[in-house]
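Visitor: Please take me through one part of this model in detail. I would like to start at the metal site and then move into the nonpolar interior.

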Amino acid sequence: MSAKLTDIKGKRDKTRRPGEVDLDRIARGVRLILEGIGEDPNREGLRDTPERVADMYAELTAGMREDPSQHVVPLSGNKHDEMVIVKDISIASLCEHHLAPFVGKCHIAYIPKKGKILGVSKLARLAETFARRLQLQERLTSEIANTLFELLDPLGVMVVIEAEHTCMTLRGVKKSGAMTVTSAVLGGFRKDPRTRAEAMALITGK
Ligand SMILES: [Zn+2]
């Protein structure tokens, strides 16, 4: 899913355009962090770390420089009007409070209108575009749901995300493996508790 890596990486020279990642600036910041924790940024193991971290942040925030609507391209000639559920889309995002990763699974359910459905890879790319930004899990969940609802125009959308926040689990605030679950429910799923329960049962496997 990182086929466009050359596009999202910024430039290290002065030809950087507005909106591109300033890798030099990130690297300078990482060097300051290393000094701040009492490390020697010039010791051998750390020599390339600032540049590597800068590349990583460019990749993990690539969604900021992507248009999510490019992924909402319905498959044509479809008659399907029953609920569609895509489970276990892997997501990796960065918590905007700590710049620490949160990782987990995204489940998307929707009821197509007039046979308008979206390929599984497009759904995954949509989730990834929003995940690769500084995020809150709640906002990530509703951004995916709102975008699908607006651009695919289905009868209903439900998005559920289960994720482990390393800013909590690595620091002992919560036990490792503790999951935060968020959901966003729109349209028919919101109005009809039975449809919502059916989707939730299919998603959780209960
Ligand atoms: Zn956090």
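Guide: What follows covers the metal site, then the nonpolar cores. The model is predicted.

Start with the zinc ion. Its protein donors are C95 through SG, H98 through ND1 and C167 through SG. They lie 2.1 to 2.3 Å from the ion. Along the sequence, the donor residues follow the spacing C-x2-H-x68-C. The pair C95 and C167 links distant parts of the chain, 72 residues apart. C95 sits in strand β1, residues 84–95. C167 belongs to helix α6, residues 166–169.

Are these two cysteines buried or exposed? C95 has a relative accessible area of 5%. That is under 20%, so C95 counts as buried. C167 comes out at 8% relative accessibility, and is buried as well.

Now the interior. The largest nonpolar core holds 31 residues. Those with the most contacts inside it are C106, I108, Y110 and I144. Six elements each supply at least two of its residues: β1, β2 (100–111), α4 (120–131), α5 (137–151), β4 (156–165) and β5 (180–187). The largest share comes from α4, with 6 residues. Strand β1 thus appears in both places: C95 lies in it, and it supplies residues to this core.

Take Y110 next. Leaving aside neighbours within four places in sequence, Y110 is in contact with residues including M83, V84, L118, L123, L152, V157 and F189. E82 and K116 are also among its contacts.

A second, separate core has 9 residues. Among them are M83, M158, V160 and I203. M83 is also one of the contacts of Y110.

Technical notes
Residues are numbered from 1 along each chain as its sequence is written. This is a predicted model: local features need pLDDT of at least 70, side-chain atom pairs count only at pLDDT 80 or more; totals for chains, interfaces and linings use all residues. Side-chain values use heavy atoms; hydrogens and water are left out. Donors are N, O and S atoms within 2.8 Å of the metal (3.2 Å for Na, K and Ca); water is not among the atoms, so sites may look incomplete. Helices (H or I, at least four residues) and strands (E, at least two) are DSSP runs, numbered from the N terminus. Buried means under 20% relative accessible area, exposed over 50%, partly exposed in between (1.4 Å probe, protein chains only). A nonpolar core is a set of buried Ala, Val, Leu, Ile, Met, Phe, Trp, Tyr and Cys residues joined through side-chain atoms within 4.5 Å. Contact means heavy atoms within 4.5 Å.
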